[in-house]
Amino acid sequence: MFKSWFQAMVAGMLFCCALSAAAGLPFRAAGRIYMGISSPVTPDDFKDTHLTGWNIGGAVGKSLGERVELTLDASYNAFSFNIQGYLNTLELKDLDEFESSAAGGDADIVTLFLNLKAKFPPPGDQRFVPYLFAEAGLFHFSRDEIQYWGPIGTDRIEPGVSSTVFGAGAGIGLNIALEEHAAVFMDIGLKAGFTKGEATTFIPFRIGVTFN
């Protein structure tokens, strides 16, 4: 848990630095900060052994006209280990499961994506503006080692894993205007990291503030 909060704090500090630098850019800056929940989808050994977690992140970039934004988006996603789900994957007999326990196994996903956002303001009142987004970039997945204690002779440690691969994502959202250059937003999408042999995917739901 301490590691998760430390990494989130570092990501927040880096984003604040980027936000300060954006104030002096010679073009119209665009950005956002957000937090929300993330739900694991695939593969099964990720979905079955981890609980829905939380996310935090932000982005900074530029507006390309009134309807398009191009930003660099950084997010941190934390997933807690699901002990019962892990034991279920072992297909233990009832007595063996009663004598078993496990610890560790928390997972983190960090993404650094180039994000393209297309807005679709309705005619007339533009307080509520739907949008689509697509993104791609670096996808880092890590999982702590798992310690398993079972019936005599079955204790073991499953080593942690860590990999950085190409990733992509897409989704839909809604801006709710606060004033001319700021809005509250909420969106949902699917992010995938193309890890060896299979895709690691999750669904992030985010709420935050965007400006341009």
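About 40 Å³ of space lies in the largest cavity of this structure, which is a predicted model. Let's start inside that cavity and then work outwards to the strands.

**Two cavities**

How many cavities of 30 Å³ or more does a search of the whole structure find? There are two. The second largest holds about 30 Å³ of space. Here they are side by side:

| Cavity | Space | Nonpolar lining residues | Polar lining residues | Charged lining residues |
|---|---|---|---|---|
| Largest | about 40 Å³ | four | two | four |
| Second largest | about 30 Å³ | three | one | four |

Now for the names. If you want to find the largest cavity in the viewer, look for Phe133, Glu135, Gly169, Ala170, Asp187, Gly189, Leu190, Lys191, Pro204 and Arg206, which line it. Which strand gives the largest share of this lining? That's β10, with four residues. At least two residues each come from β6 (128–143), β9 (161–179), β10 (182–193) and β11 (200–211).

The second largest cavity is lined by Arg32, Asn115, Lys117, Tyr131, Phe133, Phe185, Asp187 and Arg206. Here the elements giving two or more residues are β5 (107–119), β6 and β10. Have a look at Phe133, Asp187 and Arg206: they turn up in the lining of the largest cavity and also in that of the second largest.

**Strands around β5**

You've just met β5 as a supplier of lining residues, and it also has pairing partners. Strand β3 (residues 68–79) runs antiparallel to β5, and 12 bridges join the two. To see one spot along this pairing, pick Ala74, whose bridge partner in β5 is Leu112.

β5 also pairs with β6, again in the antiparallel sense, over 13 bridges. Try Thr111 this time: its bridge partner in β6 is Phe139.

**A three-stranded open sheet**

Elsewhere in the model, what is the order of the three strands that form an open sheet? It goes β4-β7-β8, with antiparallel pairing. β4 (101–104) and β8 (156–158) each have a single partner strand and stand at the edges, so one side of each has no neighbour in the sheet. On average, neighbouring strands here are turned by 20° against each other, direction ignored.

You can zoom in on one of these pairings too. Strand β7 (residues 146–149) and β8 run antiparallel and are joined by three bridges. Within this pairing, Ile146 sits opposite Glu158 in β8.

Notes. Residues numbered from 1 in each chain as written. Predicted model: local features only at pLDDT ≥ 70, side-chain atom pairs only at ≥ 80, totals over all residues. Heavy atoms only, no water. Pairing = 2+ DSSP bridges. Axes fitted to C-alpha atoms, helices over the stretch in contact; angles between N-to-C directions. 1 Å grid on protein atoms, 1.4 Å probe; cavity = no way out; pocket = protein on both sides within 12 Å on 5 of 7 lines; lining within 4 Å. Points joined across faces, edges and corners; volume = space filled by probe spheres on them. Nonpolar A, V, L, I, M, F, W, Y, C, P; charged D, E, K, R; others polar.
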